[in-house]
Amino acid sequence: MTALAARYRELVAADELRPDPDQERAVAHLAELSKALEVAPRRGSILWRALGRKPEPIRGVYLWGGVGRGKSMLMDLFFECLAMPSKRRVHFHEFMLDVHNRLRAERAKEKGDPVLPVADALRDQARLLALDEMVVNNTADAAILSRVFTALLEKGVTVVTTSNRPPVDLYKDGQNRELFLPFIDLISERLDIVPLNGPTDYRLDRLGGMPTWYVPNGEAATVQLREAFFRLTDYSPDDAAHVPSEDIDVAGGRSLHVPKSLKGVAVFSFKRLCGEARGAPDYLAVARKYHTVIIVGIPVMGPEKRNEAARFKTLIDALYEYKVKLLAAADAQPTALYESGDGAFEFERTASRLIEMQSADYMAAGHGI
Ligand SMILES: Nc1ncnc2c1ncn2[C@@H]1O[C@H](COP(=O)(O)OP(=O)(O)OP(=O)(O)O)[C@@H](O)[C@H]1O
Ligand SMILES: [Mg+2]
């Protein structure tokens, strides 16, 4: 049995995961891929040269399904268990930022087509690329994806990716979609399309109907939000002090410190997120990368806090646009957060969004769609 299949069984036996036939099928698929990758001769090795021809490329996997079905969880298990040094796991959004930055640097050299050297560098970095949450909603990404992926697959990189949509629905109503169709064909040809679309949204299940908006700020709210964080990430409360932090890239070459960042869940204080000079690019980076954001310390605002309130509005717009799930501790309910004075009218839409974001429909919606 592969390490992945063994690990998955262990987690089910230990009651950490509920038995799920769709997941078992996906595990079997990923386990086959692990085996193939682990025995594949390295490019340029003696065995590889002895074959006298290019070895067959190893087909990747495109794992798609509704939210909370366990796609990221399975991809992480697969990645952890894979005994292969040349591997990289990255969130799709970060991968695209990285690709755009590399292309920009190559273009500056004015040495012709920048795609090939970028693909070479990516191949040298990792032969197995695991991309979480593929979603394409801008023309710049759509235009570049096909070319970069063609080059990567051509160079023997194996791609494993997760998405909320099947390949045919990627960039569904996007501009100039016809230019994107070759990418969809490429994915269908070179990756096995594996649905993981069982009946249970485990993320929602884990929250078990917990409220998402806590009033007022204080110890009781903190305890609840901590509990939600542990349920969502499986992190032991004993290790609370050691939850990893992360610096994420923001468009424009800046970065943003995320004090707690684990399994697609980020925790911030209002002060850190809206009390400093931050703007839409920062909030969009957060919204694309995290499926769930926990914010503590949201105060009641008025004209004297108009800068903070303006940033908060931009933040909520970004989270709402990307269907990020929000859990928060605040000193008031959304409609009472900015009740009177200059700016109150503009805040109404934010309050309305905050209410909608607590609804069952919103909580069950896919990230980024
Ligand atoms: N079989 C299971 N039993 C219990 N919990 C599970 C099971 N599968 C997944 N989970 C948990 O459910 C939560 C959601 O899983 P995960 O994040 O992998 O979903 P996803 O399919 O990637 O969702 P999204 O599309 O929103 O990214 C995680 O906390 C995960 O550990
Ligand atoms: Mg996921």
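**Exercise 1.** Which residue does Trp64 stand opposite in S4?

*Solution.* We're working with a predicted model here. Start with the two strands: S1 covers residues 60-64, and it pairs with S4 in the parallel sense over four bridges. Now go to Trp64, and you'll find Ser163 opposite it in S4. Try Tyr62 next: its bridge partner in S4 is Thr161.

**Exercise 2.** Work out which strand S4 meets through Val159, and how the two run.

*Solution.* Look across from Val159 and you land on Leu129. That takes you to S3 (residues 128-132), which is joined to S4 by four bridges and runs parallel to it. Then add helix H7 (residues 139-154): S3, H7 and S4 make up a right-handed β-α-β unit.

**Exercise 3.** Are the residues of S4 buried or exposed, and which way do they point?

*Solution.* First, the general idea: side chains in a regular strand alternate between the two faces of the sheet. Now sort S4 (residues 158-163). Thr158, Val160 and Thr162 point one way, while Val159, Thr161 and Ser163 point the other. Buried means under 20% relative accessible area, and six of the six residues in S4 pass that test.

**Exercise 4.** Put the strands in order and explain why S2 and S5 each have a side without a neighbour in the sheet.

*Solution.* The open sheet has five strands with parallel pairing, ordered S2-S3-S4-S1-S5. S2 (87-91) and S5 (191-195) are at the edges with a single partner strand each, so one side of each has no neighbour in the sheet. From one strand to the next, the twist averages 15°. Finally, helix H8 (residues 181-190) packs on the sheet and touches S1 and S5, with its direction at about 85° to that of S5.

Definitions and conventions:
Residues are numbered from 1 along each chain as its sequence is written. Chains are lettered from A and ligands numbered from 1 in the order in which they are written. This is a predicted model: local features need pLDDT of at least 70, side-chain atom pairs count only at pLDDT 80 or more; totals for chains, interfaces and linings use all residues. Side-chain values use heavy atoms; hydrogens and water are left out. Buried means under 20% relative accessible area, exposed over 50%, partly exposed in between (1.4 Å probe, protein chains only). Two strands pair if DSSP finds at least two bridges between them. A crossover is right-handed if, with the strands pointing away from the viewer, the path from the first strand over the helix to the second runs clockwise. Axes are lines fitted to C-alpha atoms, for helices over the stretch in contact, and angles run from 0 to 180 degrees between N-to-C directions. Contact means heavy atoms within 4.5 Å.
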